[in-house]
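Student: I would like a close look at one part of this model, namely how its charged side chains pair and what surrounds those pairs. Could you set the scene briefly and then go through it carefully?

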Amino acid sequence: MERKKGFIRINGQKVPYPDRGLKFILSTLTTGGRNKNGKVVATKVGRDNHKIDSLQWNWLSAEEWSRILNLVKDYYIDVTFPNMQTNSLITLRMYIGDRSATPYFIDTDTDLPTHYKECKFNIIDVGEVD
């Protein structure tokens, strides 16, 4: 049984609602840090960058996991997700982090997994300016 599709779109395709751990991170990039007196001397560089951290599904069929992995097979992907700063959807060019999963049931006829557990990855903003 395929899961209900969620609110995150990868290359225009919705992926299932993640089970747990999902975090939206907004990072401000700077040109430095502090001087010898501990005073902040950094300057903001560009726009804030987004990260979709800890996308995780506790249990997926091999077909579902394969479909998701095929959506992220290219290094750069277009991702639509809620921008927590504007409370609206945003689409950004992003890249995919490491993907991991634990094979669970194995079909003894094909020796291939039929299900995976703890399927997870991160998606990181490439920082392109519109």
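Tutor: The radius of gyration is taken over C-alpha atoms, and the globule rule used for comparison is 2.2 Å times the number of residues to the power 0.38. For a compact globule of 130 residues that gives a value near 14 Å, whereas the protein chain has 18 Å, and its C-alpha trace spans about 65 × 30 × 25 Å along the principal axes. The model is a predicted one, in which local features need pLDDT of at least 70 and side-chain atom pairs count only at pLDDT 80 or more, while totals for chains, interfaces and linings use all residues. Residues are numbered from 1 along each chain as its sequence is written, and side-chain values use heavy atoms, with hydrogens and water left out.

The secondary structure comes to one helix and 10 strands, with helices (H or I, at least four residues) and strands (E, at least two) taken as DSSP runs numbered from the N terminus. Read along the sequence, the pattern is β-β-β-β-α-β-β-β-β-β-β. Of the 130 residues, 29% count as buried, a label that means under 20% relative accessible area, with exposed being over 50% and partly exposed in between (1.4 Å probe, protein chains only). Among contacts (heavy atoms within 4.5 Å) between residues at least 6 apart in sequence, 61% join residues at least 24 apart.

Now to the charged pairs. Side chains of opposite charge can pair when their charged atoms come close. The rule applied here asks for a side-chain nitrogen of Lys or Arg within 4 Å of a carboxyl oxygen of Asp or Glu, and by that rule the count comes to five salt bridges.

Arg 47 and Asp 125 make one of them, the closest N and O atoms being 2.7 Å apart. Arg 47 lies in the loop between β3 (23-27) and β4 while Asp 125 lies in strand β10, so this pair ties together parts that are 78 residues apart in sequence. The two partners differ in their cover, since Arg 47 is partly exposed at a relative accessible area of 23%, whereas Asp 125 is buried at 4%.

Asp 125 also belongs to the surroundings of His 50, a residue of strand β4 (residues 49-61). Leaving aside residues up to four places away in sequence, His 50 touches Ile 25, Leu 26, Phe 81, Asn 83, Ile 90, Leu 92, Met 94, Ile 124 and Asp 125. His 50 itself counts as buried, at 10% relative accessibility.

Another pair involves Lys 44 and Asp 48, whose side chains meet in a salt bridge at 3.3 Å, N to O. Here Lys 44 is partly exposed, with a relative accessible area of 47%, and Asp 48 is buried, with 16%. Lys 23, Lys 51 and Asp 53, in turn, are linked in a network of salt bridges.

Asp 78 and Arg 93 form a further salt bridge, with their closest N and O atoms 3.5 Å apart. Asp 78 lies in strand β5 and Arg 93 in strand β6, so the pair ties together parts that are 15 residues apart in sequence. Both partners sit in the middle category, because Asp 78 is partly exposed at 32% and Arg 93 counts as partly exposed at 31%.

The strands that carry Asp 78 and Arg 93 deserve a word of their own. Strands pair if DSSP finds at least two bridges between them, and eight bridges join β5 to the antiparallel strand β6 (residues 88-96). Among those partners are Ile 77 and Met 94 of β6, and Met 94 is also one of the residues that His 50 touches. The hairpin of β5 and β6 has four residues between the strands, and there Asn 87 takes a positive phi near 50 degrees. Most residues other than glycine have a negative phi. Strand β5 (residues 76-83) is also joined by two bridges to strand β1 (residues 5-10), again antiparallel, and in this pairing Arg 9 has Thr 80 of β5 as its bridge partner.
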